Amino acid sequence: MATHRISLLAAAATLLLAATTGATAAQQTIRCESKDGQYRSCAVNTAGGVTLSRQLSSQGCWQGDTWGYDRNRIWVTNGCRAEFRVGTASSGSNDGAKVAGALVLGAIAVAAIANSNKDRHDDYDNGYYEGREIRCESNNGRYTACGYIERRRHVEVRRQLSNQQCIYGRNWGLDGRQLWVDDGCRAVFVVY
């Protein structure tokens, strides 16, 4: 617990130092491509945030559906190919509004990371969520409910099994905390 608090204080101090000295964080462009509609993850530190900067595929790239990110990777699926901007940039000016904004955003980020890491740590300790897979299939185009998903978990398509493209909200999703598929979507889903 003390180590966790020290880490949080160190992160807050780093943010404060960067905000007050006008330091800029490096931006990086990462290319991540889903080939043949397959799931792919690209390892990168996403602590500074991620934005899609240029779509390269004719298949759509929608955050939370065909692309997303967590603390150490960007993932793409269903043919999404794109360049992503990782990190943030500032002008280096040291005016009060930017400093205050950086401090507020930094405090929010530190609190969110601390809460997220605590939840993940608890779940990883029992080994339940670390990449748990659920196979869910809509046979003959029928609606099928497959797996129960705990709150605050992220679900994504790991491997599509059907010729019918699986699109979140259209033919797969969560109904409350129940994973479902419909209209011929068959896939292996992963829960984080």
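**Exercise 1. Strand order in a sheet**

What is the order of the strands in the open sheet of three strands, and is the pairing parallel or antiparallel?

*Solution.* Keep in mind that you're looking at a predicted model.

- Step 1: Trace the open sheet from one side to the other, and you get β7-β12-β9, paired in the antiparallel sense.
- Step 2: Check the edges. β7 and β9 each have a single partner strand, so one side of each has no neighbour in the sheet.
- Step 3: Look at the twist. Neighbouring strands here are turned by 35 degrees against each other on average, ignoring direction.
- Step 4: Zoom in on one pair. Six bridges hold the antiparallel pairing of β7 with β12. For a landmark, find Glu137, which stands opposite Arg186 in β12.

**Exercise 2. Finding the disulfides**

Work out how many disulfides there are, and which pattern they follow along the chain.

*Solution.*

- Step 1: Take cysteine sulfur atoms within 2.5 Å of each other as a disulfide. The count by this rule is four.
- Step 2: Number the bonded cysteines along the protein chain, and the pattern reads 1-2, 3-4, 5-6, 7-8.
- Step 3: Put some pairs to the test. Cys32 and Cys42 have their sulfur atoms 2.1 Å apart, Cys136 and Cys146 come out at 1.7 Å, and Cys166 and Cys185 at 2.1 Å.

**Exercise 3. The Cys32 and Cys42 link**

Say where Cys32 and Cys42 sit in the chain, and give the hand of their link.

*Solution.*

- Step 1: The S-S bond joining Cys32 and Cys42 shows 90 degrees about it, and the link is right-handed.
- Step 2: Now place the two ends. Cys32 belongs to strand β1 (residues 28–33) and Cys42 to strand β2 (residues 40–43), 10 residues apart.
- Step 3: Ask how covered they are, with under 20% relative accessible area as the cut-off for buried. Cys32 has 0% relative accessibility, so it counts as buried. Cys42, at 7%, counts as buried too.

**Exercise 4. The Cys136 and Cys146 link**

Is Cys146 buried or partly exposed? Work through its disulfide on the way.

*Solution.*

- Step 1: A disulfide joins Cys146 to Cys136. The torsion about their S-S bond is about 75 degrees, which makes the link right-handed.
- Step 2: Cys136 is in strand β7 (residues 132–137), while Cys146 is in strand β8 (residues 144–148). They're 10 residues apart.
- Step 3: Cys136 is buried because its relative accessibility is 0%. Cys146 has a relative accessible area of 29%, so the verdict is partly exposed.

**Exercise 5. A link between loops**

Which parts of the chain does the disulfide of Cys166 and Cys185 tie together?

*Solution.*

- Step 1: The torsion about this S-S bond is about 110 degrees, so the Cys166 and Cys185 disulfide is right-handed.
- Step 2: Find Cys166 in the loop between β9 (155–160) and β10 (172–175), then Cys185 in the loop between β11 (178–181) and β12 (186–191). The pair therefore ties together parts that are 19 residues apart in sequence.
- Step 3: Both Cys166 and Cys185 are buried.

**Exercise 6. The whole chain**

How many helices and strands does the protein chain have?

*Solution.*

- Step 1: Count two helices and 12 strands.
- Step 2: Starting at the N terminus, the elements read α-β-β-β-β-β-β-α-β-β-β-β-β-β.
- Step 3: Now for burial and surface. Of the 192 residues in the protein chain, 36% are buried. The accessible surface is about 11200 Å², with 50% of it belonging to carbon and sulfur atoms.

Conventions. Residues are numbered from 1 along each chain as its sequence is written. This is a predicted model: local features need pLDDT of at least 70, side-chain atom pairs count only at pLDDT 80 or more; totals for chains, interfaces and linings use all residues. Side-chain values use heavy atoms; hydrogens and water are left out. Helices (H or I, at least four residues) and strands (E, at least two) are DSSP runs, numbered from the N terminus. Buried means under 20% relative accessible area, exposed over 50%, partly exposed in between (1.4 Å probe, protein chains only). Two strands pair if DSSP finds at least two bridges between them. Axes are lines fitted to C-alpha atoms, for helices over the stretch in contact, and angles run from 0 to 180 degrees between N-to-C directions. Accessible areas come from the Shrake-Rupley method with a 1.4 Å probe; for residues, only the protein chains shown count as cover.
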